[in-house]
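Visitor: Please take a close look at one part of this structure, and show me how that part connects to what surrounds it. I am new to this, so plain terms would help.

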Amino acid sequence: MTLPRILLMLGAVLGYVRIRRPILTWGATEAEVAGALPGDELLPDADGMSTRAIDIEAPPAAVWPWLAQMGPSPRGGAYTYDWIENLLGLHMHSVDHVLPEFQDPQVGDTIALGSNRMRLEVVEPQSALAWRSQDGNWVWAFVLMDRDGRTRLISRNRFRLPSIAARIGMLPMEPGSLLMERRMLREIKRLSERLATE
């Protein structure tokens, strides 16, 4: 390998390292990124983590319904780019209304996200919800913090990458996950704020 190629590769790696943190922490404060959240205990030895957050001008009671009903059809979807989700065969059809039949999530409930079967492990109504993959390598948690009638919504993904191939494969996935999750958080914000005024 020639020196210019080595320098180019080194520059690319250093450039990605520099932008990686904002990709994994969009909207979150340093304290939120560093702090423990419900669901962390489900995967204490995680190889990686993202913590993303958004402020919502609505109380947790208006945010919770959208989280409670998340999942593939006939559930409420993921409030992101359905067409991308469905290219992956996830059967997501995001709704813009509350589905009463999915408003009482219980520990042990399961949903399929492609080849991942997710089991609900933490349910604290209007406070926290955490899913864990069947293989135990992924935990996705949502935390709602009441801020005087407003809500701070935090989404945390923790994952274990059991092989070098999995670690390398995760790098291009990180920017894609930001694109999808940012859309999801913004859409939950929009729906929650609308619900709070109805």
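Guide: A strand here is a run of at least two residues that DSSP labels E, and strands are numbered from the N terminus. The part to look at is Thr151, which is found in strand 6. Bear in mind throughout that this is a predicted model.

Start with the residue itself. Is Thr151 buried or exposed? A residue counts as buried when its relative accessible area is under 20%. Thr151 has a value of 2%, so it is buried.

Next come its surroundings. With neighbours up to four places away in sequence set aside, Thr151 is in contact with Ile54, Asp55, Ile56, Ala58, Pro59, Pro60, Val63, Leu144 and Met145. The side chain of Thr151 also has a polar atom 2.6 Å from the backbone oxygen of Ala58.

Two of these contacts, Pro60 and Val63, lead to helix 3, where both are among the buried residues. The others buried in that helix are Ala62, Trp64, Pro65, Trp66, Leu67 and Ala68. Helix 3 covers residues 60–68, and eight of its nine residues are buried, so the rest of the structure largely encloses it.

Now follow the strand that holds Thr151 to its partner. Strand 5 and strand 6 run antiparallel and are joined by 10 bridges. Where the two strands meet, Arg147 stands opposite Arg150 in strand 6. They form a hairpin with two residues between the strands. One residue to notice there is Asp148, in the loop between strand 5 and strand 6. Most residues other than glycine have a negative phi. Asp148, which is not a glycine, has a positive phi of about 55°. Unlike the buried Thr151, Asp148 counts as exposed, because its relative accessibility is 81%.

Strand 5 has a further partner. Strand 4 and strand 5 pair in the antiparallel sense, over five bridges. Within that pairing, Ala128 has Val143 in strand 5 as its bridge partner. Strand 4 and strand 5 also form a hairpin, this time with four residues between them, and Gly136 in the turn has a positive phi of about 80°.

Going one step further back along the chain, Gln126 lies in the loop between strand 3 and strand 4. Its phi is near 60°, again a positive value in a residue other than glycine. Gln126 counts as partly exposed, because its relative accessibility is 41%.

Before that comes another pairing. Strand 2 and strand 3 pair in the antiparallel sense over four bridges, with Leu113 opposite Asn116 in strand 3. Their hairpin has two residues between the strands, and Gly114 takes a positive phi near 65° there. In a regular strand, side chains alternate between the two faces of the sheet. Strand 2 has Ile111 and Leu113 on a covered face, and Thr110 and Ala112 on an uncovered one.

A residue from elsewhere in the sequence also touches this region. Leu37 is in the loop between helix 2 and strand 1. What does Leu37 touch, not counting residues up to four places away in sequence? The list is Val143, Met145, Ile154 and Arg156. Met145 is also among the contacts of Thr151, and Val143 is the bridge partner of Ala128. Leu37 is buried, because its relative accessibility is 10%. Its C-alpha is 9.7 Å from that of Ser155, although 118 residues separate the two in sequence.

Finally, consider the open space that these elements border. The largest pocket has a volume of about 1100 Å³. It is lined by 40 residues, and those closest to its centre are Trp138, Trp140, Asn157, Met173 and Ser177. Among the elements that give two or more residues to the lining are strand 5 (138–147), strand 6 (150–159) and helix 5 (164–197). Which element gives the most? Helix 5 does, with 10 residues. By type, the lining divides into 22 nonpolar, 12 polar and six charged residues.

Helix 5 also holds Glu174. Glu174 has a relative accessibility of 2%, so it counts as buried. It lies 151 residues from Ile23 in sequence, yet the two are 6.9 Å apart in space, C-alpha to C-alpha.

How values were computed. Residues numbered from 1 in each chain as written. Predicted model: local features only at pLDDT ≥ 70, side-chain atom pairs only at ≥ 80, totals over all residues. Heavy atoms only, no water. 1 Å grid on protein atoms, 1.4 Å probe; cavity = no way out; pocket = protein on both sides within 12 Å on 5 of 7 lines; lining within 4 Å. Points joined across faces, edges and corners; volume = space filled by probe spheres on them. Nonpolar A, V, L, I, M, F, W, Y, C, P; charged D, E, K, R; others polar. Buried < 20%, exposed > 50% of the residue type's maximum accessible area, 1.4 Å probe, protein only. Polar contact = N/O pair within 3.5 Å; in protein donor to acceptor, adjacent residues only side chain to side chain. Contact = heavy atoms within 4.5 Å. Pairing = 2+ DSSP bridges.
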